[in-house]
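Thanks for coming, everyone. Please take a moment with the sequence and the structure before I start, and then I will walk through one helix and the core.

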Amino acid sequence: MNTVAIDIQQLTKEYDNGRGCRNVTISVGKGEAFGFLGPNGAGKSTLVKMLVGLTAPTSGRATLFGEPIGSLAAKQHVGYLPELYRYQEWLTGEEVVRLHSRLCGMDQSTIKPRIKQLLDQVGIGKRGIDRVKHYSKGMQQRLGMACALVNDPPILFLDEPSSALDPIGRSEVRELLKNLKNEGKTIFLNSHLLEEVESLCERIALLNNGQILRHGQVSQVLYTQTKWRFKVGGFTPEILPWLSETSGIAIKRYMNPSISSATSVLPVGQETVWLEATIDNEEQIGWLNTLIVNQGMTLYNVEPVKERLEEWFMDAVSGLSHRGEQ
Ligand SMILES: Nc1ncnc2c1ncn2[C@@H]1O[C@H](COP(=O)(O)OP(=O)(O)OP(=O)(O)O)[C@@H](O)[C@H]1O
């Protein structure tokens, strides 16, 4: 049984101006949610447009459930929410979804309940009878989602699915995507909303200037294993260089916005702070604990650092001469 849904090998699109994306190789398993990240202009939409058959690659190859991209068989597997959606504003929401169902060749005699169910699912509900020109941007994005889902496709390409939505709308879409994933759909998600990616995807790739810069399992990316935080009371700034030198461990002060660093009951110059240490082995954690306590400080807490995807992203692109596009 083929467990690969999306197989991309050295796929390249070079526009006349030399931009696009180059040599992208990714494999996405059936039922997997894959996050595709990158700064503006990195080439994310270009890759998705090739995969859904909207633009032809310059070189390389890719298949969807074994069918070559661009073929009718491949397109039949796909639901696509484009980044720049624009629907016929003179039609009602229901009519737009119906139009998409006809384009998919679906049986029109049974489509009515399906349209209603979809509009409910994406949060449009009764407003399906209003014309698109009366929809907000967020409503149009929800409509786009309904169109992408109309023929119940096994693979979904979603290009910024909640960019136009308010925080409530975003959390609804997040819930919807989780449900779709639980149903077994393969989801290829382009998003600048890293929390959305973090909560849904197992694996991610980061594209920059048309090429994959980093990729990996979200869990591995977020838990680096090497950074630990220590909450220390009775800290004085002068002790930090001493602590680093004596322990041989790189330590810096971590500014945790949720913790106030000084309280009035502490002696002047002493604070409760978080220190962040880069650890090579677990023995170093014990060694650092001992040094902290022997210096008369109080150790309140020790925990491994869970990096946010945003930090991973910033770390990957910081210092690069070209972010996104050259
Ligand atoms: N039809 C086109 N002709 C020429 N250049 C294009 C075309 N479409 C996109 N580009 C260029 O290709 C590069 C990649 O664009 P793309 O839209 O794929 O980036 P993206 O990562 O999706 O960006 P964003 O996050 O801003 O949506 C950019 O430099 C863009 O200007």
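Let me begin with helix 4, where P113 and Q117 are exposed, on the face turned away from the buried side of the helix. Exposed means that 12 or fewer other C-beta atoms lie within 10 Å of the residue's own, buried means 20 or more, and the C-beta atoms are placed from the backbone. Helices here are DSSP runs of H or I with at least four residues, numbered from the N terminus.

I should say early that this is a predicted model, in which local features need pLDDT of at least 70, side-chain atom pairs count only at pLDDT 80 or more, and totals for chains, interfaces and linings use all residues. Residues are numbered from 1 along each chain as its sequence is written.

Coming back to helix 4, which spans residues 111–121, its buried residues are I115, L118 and L119. Seen down the helix axis, these buried residues fall within an arc of 95 degrees, taken over the directions from the axis to the C-beta atoms, so they line one face of helix 4. They pack against helix 3 (93–103) and helix 5 (137–149), with contact meaning C-beta atoms within 7 Å. Just after helix 4, G123 takes a positive phi of about 90 degrees.

Now to the core: the largest nonpolar core, a set of buried Ala, Val, Leu, Ile, Met, Phe, Trp, Tyr and Cys residues joined through C-beta atoms within 7 Å, has 67 residues. Helix 5 gives the most to this core, with seven residues.

Technical notes
Helices (H or I, at least four residues) and strands (E, at least two) are DSSP runs, numbered from the N terminus. Two residues are in contact if their C-beta atoms, placed from the backbone, lie within 7 Å.
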